[in-house]
Amino acid sequence: METKFKDIINQYPFFCDILETLDEAVYFCDVNGRLLYINKVAERLDGYANEELYGRTVGEAYGLDGRTSPMLLALTTEKPVVDKAFRYIVNGREVYQICNARPVFFEGEKVGAYTIQKDVTQLMEVIEQNIILQKKFFLPNEDDLEGSRQDMGSLNRLIGEHPFFKECKDMAIKSARSDSPVLLTGETGSGKELFARCIHQNSKQKDGPFLAINCAAIPETLLESILFGTSKGIYTGAVERKGLFEEAEGGTLFLDEINSMPLFSQSKLLRALEEKEIQHLGSKQRIKINARIISSSNVFPEDAIRKKQIREDLFYRLAVVNIMIPNLASRKSDILLLTNHYIKLYNESFQKHILGLDEEVLRFFMNFIWPGNVRQLKHCLEAAMNLVTDEDLKIKIKHLPAYLLSGNNVTTGGYIQKMPIENNHHPNYSEPLKNGVFSTIFQKEKEEIIEALMENKGNVSKTAKQLGMHRQSLMYRIKKYNIT
């Protein structure tokens, strides 16, 4: 085998040069599991030199065997191992990676195996630290944080008098009295997590932790280990790790953007909710769980089910109470209430004395579509409060972020934000999305995605690589733009 491997390298000398340009770690072994090559990324990751590992078995170098090493698994089964998340200990350091392994055949004979591995150790550390911070913030008996916790979950933070919004608030108050799962549906920025926190803080679970995870932000290969935890027996030197279900024991687990969770993981989630038990990855031991589940979706349930983004049976389990939060454009009568609330907050933090909005700004706000909803309004006001001076009594057009005005014909104190002209028609305040900067950016991105998908015959992985983004990010945009 060793001779054949050298023959391959000699025959294709550019092969290793290509491997050295990759951002991922690459490993090769022979049919006996002896390491023959690792690239520079693998050297930096593991603290080994290629020459140091040459001829050593995977077990000797990493303490892995045919069950715990994806490369050895591919070698023995002669089948690919795809997007496998696994951990190992190397030079006293725990490493977490996502890998793809395959057997290698040369002239019809199996000569070894290889694996390409992406290091996600730092990502996992960030997620774990985030969980620790969330628990610290929401666990009881934290006197220094109690005031902040109460404020974060105060129903007074659900600001709005529009009938649709008041109905949502009333449903949130009622649902806080039970343990039933709640599904919050609404556009990005409409306040889904705020509703979740308020339900938790006014429920009997309020003395337990409130833990939130964005299902769209976590690679699907890591999501299950984060939710369900991992067994210490899954590899040599591993430690038992609790998942979010256990960490949220006695409290609330908020699954944000549940419609972005892979369907296979959704089936495991459904089983856990039905049986109120979970299993650590790599373990057969069943663990009882007692955490209330609140989830959210930025896609309407009917559409999410039709597009197979949410399993229908899981939807019925999660949406015992379904609160559909209106977007800001549907409750413009609340804009002034929200504006006054945020100006008051920023007056305190910036030590200013702004009284409100100039009339022109108020008209602009009332006619703007607000694609980013309440979150966009809040950030817009924060930006304006950074620019107002002690001489200003109100926020004026000139204080608003430039991007907000680029599609609208408004004078901004000395200069005019230019706008595109189509068919000699000047867009007005009521058409910001049609002709504004958001429309231009979103439409261009959508067109590029569609074009790349067509070039790659619908292959999402190839399209993501071509566009220079993660597959999960591309899937999110495909759903966002309703690309079918």
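In this predicted model, His280 touches Phe228, Gly229, Thr230, Ser231, Glu240, Arg241, Lys242, Glu246, Gln285 and Ile287, leaving aside residues up to four places away in sequence. The histidine is found in the loop between β11 (277–279) and β12 (286–288). Its relative accessibility is 5%, and because buried means under 20%, His280 counts as buried. One of its contacts is polar: the side chains of His280 and Glu246 are joined at 2.5 Å. Another of the residues touched, Glu240, is 40 residues from His280 in sequence, with the two C-alpha atoms 8.7 Å apart in space.

The next topic is the nonpolar interior. The largest nonpolar core has 39 residues, and the members that touch the most others are Phe245, Leu255 and Ile258. At least two residues each come from β4 (93–106), α7 (121–138), β7 (210–214), α11 (220–228), α12 (244–247), β10 (252–256), α13 (263–275) and α15 (312–318). Helix α11 gives the most to this core, namely five residues. For Leu255, the contacts beyond four places in sequence are Ile213, Cys215, Leu227, Leu269, Ile293, Ile294, Ser295 and Ser296. A second core, separate from this one, has 26 residues, among them Tyr346, Trp370, Cys380 and Ala384.

Two open sheets can be followed in turn. One of them has five strands in the order β7-β10-β13-β6-β14, paired in the parallel sense. Strands β7 and β14 stand at its edges with a single partner strand each, so one side of each has no neighbour in the sheet. Direction ignored, neighbouring strands here are turned by 15° against each other on average. Two helices can be placed against this sheet. Helix α9 (residues 163–175) packs on the sheet and touches β6, β13 (292–297) and β14, its direction making about 155° with that of β14. Helix α10 (residues 192–201) also packs on the sheet, with contacts to β6, β7, β10, β13 and β14, and its direction makes about 155° with that of β6.

At the β14 edge, the partner is β6 (residues 182–185), and four bridges join the two strands in the parallel sense. Within this pair, Val182 stands opposite Val321, and Leu183 stands opposite Asn322. Side chains alternate along β14 (residues 321–324): Val321 and Ile323 point to one face and are buried, whereas Asn322 and Met324 point to the other and are not.

The other open sheet also has five strands, in the order β2-β1-β5-β4-β3, and its pairing is antiparallel. Its edges are β2 (35–38) and β3 (81–90), each with a single partner strand, so one side of each is left without a neighbour in the sheet. Neighbouring strands are turned by 30° against each other on average, direction ignored. Inside the sheet, β1 (residues 25–30) and β5 (residues 109–119) run antiparallel and are joined by six bridges; Asp30 stands opposite Gly112 of β5. Helix α11 packs on this sheet, touching β3 and β4, and its direction makes about 135° with that of β4. This helix is also the one that gives the most residues to the largest core.

Edge strand β3 contains Asp83, which has a positive phi of about 45° although it is not a glycine. At 38% relative accessibility, Asp83 counts as partly exposed. Lys308 is another residue other than glycine with a positive phi, near 60°. It is placed in the loop between α14 (301–306) and α15, and with a relative accessibility of 62% Lys308 counts as exposed.

Helix α17 (residues 359–367) comes last. Val361, Phe364 and Phe365 are its buried residues. Seen down the axis of α17, the buried residues fall within an arc of 100°, so they line one face of the helix. An α-helix has 3.6 residues a turn, so residues three or four places apart point the same way. The cover over the buried residues of α17 includes α16 (335–350), β15 (356–357), α18 (373–387), β16 (394–395) and α19 (402–405). At the N-terminal end, α17 is capped by Asp358, which has a side-chain oxygen 3.0 Å from the backbone nitrogen of Glu360.

Terms used
Residues are numbered from 1 along each chain as its sequence is written. This is a predicted model: local features need pLDDT of at least 70, side-chain atom pairs count only at pLDDT 80 or more; totals for chains, interfaces and linings use all residues. Side-chain values use heavy atoms; hydrogens and water are left out. A nonpolar core is a set of buried Ala, Val, Leu, Ile, Met, Phe, Trp, Tyr and Cys residues joined through side-chain atoms within 4.5 Å. Buried means under 20% relative accessible area, exposed over 50%, partly exposed in between (1.4 Å probe, protein chains only). Contact means heavy atoms within 4.5 Å. The arc is that of the directions from the helix axis to the C-beta atoms. A polar contact is a pair of N or O atoms within 3.5 Å; within protein, one must be able to donate a hydrogen and the other to accept it, and residues adjacent in sequence count only if both atoms are side-chain atoms. Two strands pair if DSSP finds at least two bridges between them. Axes are lines fitted to C-alpha atoms, for helices over the stretch in contact, and angles run from 0 to 180 degrees between N-to-C directions.
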